[in-house]
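Colleague: I would like a close look at one part of this model, and then a connected account of how other parts compare with it in kind. Please keep to what the coordinates support.

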Amino acid sequence: MHADSPATASAQRPRRLSDLFGNMELIIVVLLGLVSTFTAYASFQAALYDSQMAGAYTKGQTASTEAESLYLEANQQYVQDVQLWATLTQLSIDSESSDAALAESAQSKFDTMYFQSVSEELDAAITWASEENDADPELYTSPFDHEPYVETLFSPYQEAAELAATTIAKGDEANSLSDRLTLNTVLMAISLFLLGVGAVVKSRRSQIILTVIATGVFVVAAGLTLAIPFVGL
């Protein structure tokens with residue numbers, strides 16, 4: 001066998017390039033199908049993320065409304081407890097009056113109100129404050145400085161508020177991912193446009209240039225799309 005001469009090898013290169021790009025129409029058709037598939041996928045995922053966003057915002061708003069209601073309820077209870085404590089304090093002072101009848105009446109009212117109106121949490125706070133005041137008479141400690149009492153009163157509100165914030169944050173994330181997918185869809189639409197133009201132009205050079213640019217745009221858009229977590233139905 002004789003090795004190909006330099007002239008023969010040189011003549012074969014254009015032929016090989018011609019063979020490679022001789023089926024440009026087929027290449028463009030395949031790319032059109034591939035880009036169309038990815039465009040449909042990105043659009044579908046964007047729609048699902050939009051749905052997740054809407055659901056998260058609805059749940060978050062509901063939780064936020066519930067949190068506000070729980071806060072108003074807890075604050076109302078707090079105000080009532082403060083007023084109750086002020087009344088009990090006055091009755092406690094009256095129960096130590098030198099007037100026996102007044103003292104007895106005040107003590108009776110104190111015992112009745114304490115039994116009927118003081119919750120377990122407030123009772124624990126009053127006991128704690130009394131111990132603190134006995135230990136340090138120079139510094140007055142209020143029952144409402146008792147952290148467990150405040151936490152018990154407002155913890156339902158805090159939990160609902162945290163749930164609302166977390167749910168709304170999920171909605172924001174879904175919205176962001178949907179926007180990114182929409183942008184990727186636009187990039188793929190540009191790629192489809194370039195491939196469509198490339199399919200009808202007569203110049204082989206123009207076809208190659210348009211196809212290369214369209215493929216580059218598609219690869220970038222496809223990579224960005226695949227980087228976004230898949231969300232199912």
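Which residues form the negative surface patch?

Modeller: This is a predicted model, and what follows should be read as such. The negative patch on the surface is made up of Glu131, Glu132, Asp134, Asp136 and Glu138. Of these residues, Asp134 can be placed in helix 4, which covers residues 120-135. Asp134 counts as exposed because its relative accessibility is 60%, and the cut-off for exposed is over 50%.

A patch of another kind is nonpolar. Leu183, Val186 and Ile190 form this one on the surface, and together they have about 260 Å² of accessible area. Leu183 belongs to helix 5, residues 147-200. With 51% relative accessibility, Leu183 counts as exposed, since the term requires over 50%.

Next come contacts with residues numbered in the same stretch. Thr39 sits in helix 2, a helix that spans residues 24-94. Its relative accessible area is 12%, so Thr39 is buried, the limit for that being under 20%. Setting aside neighbours within four places in sequence, Thr39 is in contact with Thr185, Met188 and Leu192.

Val217 is found in helix 6, which runs over residues 204-226. When residues up to four places away in sequence are not counted, Val217 touches Leu187 and Ser191. Val217 and Leu187 are 30 residues apart in sequence, and their C-alpha atoms are 6.6 Å apart in space. Val217 has a relative accessible area of 22% and is therefore partly exposed; a residue counts as buried under 20%.

Helix 2 and helix 6 also come up in the matter of charge pairs. The count of salt bridges comes to one. In that kind of pairing, the side chains of Arg204 and Glu25 meet at 3.6 Å, N to O. Arg204 lies in helix 6 and Glu25 in helix 2, so the pair ties together parts that are 179 residues apart in sequence. Arg204 is partly exposed, its relative accessible area being 35%. Glu25 is likewise partly exposed, with a relative accessible area of 39%.

To return to the part you asked about: Asp134, one of the residues in the negative patch, is an exposed residue of helix 4.

Terms used. Residues are numbered from 1 along each chain as its sequence is written. This is a predicted model: local features need pLDDT of at least 70, side-chain atom pairs count only at pLDDT 80 or more; totals for chains, interfaces and linings use all residues. Side-chain values use heavy atoms; hydrogens and water are left out. Patches are made of residues with over 30% relative accessible area and no salt bridge: like charges are joined within 9 Å, nonpolar side chains (Val, Leu, Ile, Met, Phe, Trp, Tyr) within 5 Å. Accessible areas come from the Shrake-Rupley method with a 1.4 Å probe; for residues, only the protein chains shown count as cover. A salt bridge is a side-chain nitrogen of Lys or Arg within 4 Å of a carboxyl oxygen of Asp or Glu. Helices (H or I, at least four residues) and strands (E, at least two) are DSSP runs, numbered from the N terminus. Buried means under 20% relative accessible area, exposed over 50%, partly exposed in between (1.4 Å probe, protein chains only). Contact means heavy atoms within 4.5 Å. Lys and Arg count as positive and Asp and Glu as negative; His and the chain ends are not counted. The place of a charge is taken as NZ of Lys, CZ of Arg, CG of Asp or CD of Glu.
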